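Subject: Handing over the structure

Hello,

Here is the structure I promised to pass on. Please look it over, then read my notes below.

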Amino acid sequence: MSFTDGADLEALGQSATKLSDIAKRIDDVTADVGKSVGRLKSAWGGDDYGRLASGYMSQIQPSLSAVAKGIAAMADVLRGEVAEQRAG
């Protein structure tokens with residue numbers, strides 16, 4: 001279906017749900033990686049581990065969290081659009 005004005009509310013709602021699910025999966029992956037990095041400490045010490053853990057905490061984890069938040073915000077925008085369209 002093609003639209004020039006308005007929206008396919010069902011499609012927007014489905015997309016919002018899918019985006020929310022993706023954001024949640026990214027959050028879950030972020031937590032899993034953090035746990036894995038933490039567990040490495042018992043098997044790998046020294047400066048090399050410290051650099052890896054520091055890199056994760058200072059760069060990778062914040063980046064993943066920002067991506068998840070951005071995707072969740074997209075889902076919120078879609079939900080807002082659906083509500084606005086339904087309100088008339």
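Is R51 buried or exposed? R51 is exposed, at a relative accessible area of 53%. Keep in mind that this is a predicted model.

Salt bridges

There are 3 salt bridges. I take R51's bridge first.

R51 pairs with D48, and their closest N and O atoms are 2.3 Å apart. Both residues are in helix α2, which covers residues 47–87. They are 3 residues apart there, so about one helical turn separates them. D48 has a relative accessible area of 43% and is therefore partly exposed.

Helix α2 also holds D76 and R79. These two form a salt bridge as well, with 3.5 Å between the closest N and O atoms. The spacing is 3 residues, which means about one helical turn. R79 comes out at 38% relative accessibility, so it counts as partly exposed.

The bridge between D28 and K24 is in helix α1. The N to O distance is 2.7 Å. D28 and K24 are 4 residues apart, so again the separation is about one helical turn. D28 is partly exposed at 33% relative accessible area. K24 is partly exposed too, at 48%.

Aromatic pair

The structure has 1 aromatic pair. It consists of W44 and Y49, with ring centres 6.1 Å apart. Their planes stand at 70 degrees, so the pair is edge-to-face. The cut-off for that class is over 60 degrees.

How do the two residues sit with respect to the surface? W44 is partly exposed, with 33% relative accessibility. Y49 is buried, at 11%. The buried class ends at 20%, which is why Y49 falls inside it.

Nonpolar patch

W44 turns up again on the surface. Together with L40 and L52, W44 makes a nonpolar patch of about 230 Å². L40 belongs to helix α1, which spans residues 9–40. L40 has 32% relative accessibility, so it counts as partly exposed.

Where to look

If you have little time, start with W44. This residue is in the aromatic pair with Y49 and in the patch with L40 and L52. Then go to helix α2 for two of the bridges, R51 with D48 and D76 with R79. Finish with D28 and K24 in helix α1.

Best wishes

How values were computed:
Residues numbered from 1 in each chain as written. Predicted model: local features only at pLDDT ≥ 70, side-chain atom pairs only at ≥ 80, totals over all residues. Heavy atoms only, no water. Phe/Tyr/Trp six-rings, centres within 6.5 Å; stacked < 30°, edge-to-face > 60°. Buried < 20%, exposed > 50% of the residue type's maximum accessible area, 1.4 Å probe, protein only. Patch = residues over 30% accessible without salt bridge, like charges linked within 9 Å, V, L, I, M, F, W, Y side chains within 5 Å. Areas by Shrake-Rupley, 256 points an atom, 1.4 Å probe, with all protein chains shown as cover. Salt bridge = Lys/Arg side-chain N within 4 Å of Asp/Glu carboxyl O.
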